Amino acid sequence: MTRLTSGTKDYTIEGVRVRIYNPAKTVVDLFRYRRSAGKRYQKSPGLNLALEGLREALRKRKASPAEIARYAEEAGVWKVVQPYLEAITANA
């Protein structure tokens, strides 16, 4: 499975194929695109939104720490996500 298809489900809505990402994958993508410098990341959501998404996904039990860790490893951002995930889950 590639980075783009991992953590997704395809649905057909009114004859149109739509790919929906699961909450854990979405949180990890927020961390992947957290930077605000450079052309590629000019419209990035930033670290604050990534942290808010992480907290809410865990609080609402939409994603488990293990799922988030797995997708973070796949995406190559585990070293970025790990300290935040550990801090949030240690205080829970």
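# A walk through the model, loop by loop

Start by selecting R61, which sits in the loop between α2 (46-59) and α3 (65-75). Look at its backbone: phi is near 55°, a positive value in a residue other than glycine. Buried or exposed? R61 is exposed, with a relative accessible area of 76%. Keep in mind as you go that this is a predicted model.

**Zoom out**

Now show the whole chain as a cartoon. You should find 4 helices and 2 strands, and from the N terminus on they come in the order β-β-α-α-α-α. Of the 92 residues, 30% count as buried. Switch on a surface if you like: the accessible area comes to about 6500 Å², and carbon and sulfur atoms own 52% of that. For contacts with a separation of 6 or more, 40% are made by residues 24 or more positions apart.

Colour by pLDDT next. The average for the protein is 85, and 80% of the residues score at least 70. Which elements have the lowest and the highest mean pLDDT? β1 is the lowest at 89, while α3 is the highest at 95. A general caution for this colouring: where pLDDT is low, the predicted coordinates should not be read in detail.

**The loop between the strands**

Go to E14, in the loop between β1 (8-13) and β2 (16-21). Here is another residue other than glycine with a positive phi, this one near 50°. E14 is exposed too, with a relative accessible area of 81%.

**From α1 across to α2**

Pick Y33, in the loop between α1 and α2. Y33 counts as partly exposed because its relative accessibility is 29%, and that category lies between the 20% and 50% cut-offs. Now add G46 to the selection and draw a C-alpha to C-alpha distance: Y33 and G46 are 13 residues apart in sequence and 7.2 Å apart in space.

**Along α2**

Stay with G46, since it is one of the buried residues of α2; the others to highlight are A50, L51, L54, A57 and L58. What covers them? The cover includes α1 (23-32), α3 and α4 (78-90), so turn those on as well.

While you're here, check the length of the helix. The 14 residues of α2, at 1.5 Å a residue, should span 20 Å, and the end C-alpha atoms are indeed 20 Å apart, so the two values agree. Follow α2 off its end and you are back at R61 with its positive phi.

**Into α3**

Carry on into α3 and select I68, A69, Y71, A72 and A75, which are its buried residues. Which elements do they pack against? Show α1, α2 and α4: the buried residues of α3 pack against these helices.

Now show side chains for R70 and Y71. R70 lies over the face of the Y71 ring, 4.4 Å from the ring centre. So Y71 gives you two things to look at: a place among the buried residues of α3, and a ring with an arginine over its face. If you go hunting for aromatic pairs elsewhere, the count for the protein is 1.

**Last stop**

Step just past α3 to G76. Its phi is positive as well, at about 80°.

Notes. Residues numbered from 1 in each chain as written. Heavy atoms only, no water. Buried < 20%, exposed > 50% of the residue type's maximum accessible area, 1.4 Å probe, protein only. Contact = heavy atoms within 4.5 Å. Areas by Shrake-Rupley, 256 points an atom, 1.4 Å probe, with all protein chains shown as cover. Expected span 1.5 Å × (residues − 1). pLDDT = per-residue confidence, 0-100. Phe/Tyr/Trp six-rings, centres within 6.5 Å; stacked < 30°, edge-to-face > 60°. Lys NZ or Arg CZ within 6 Å of the ring centre and 35° of its normal.
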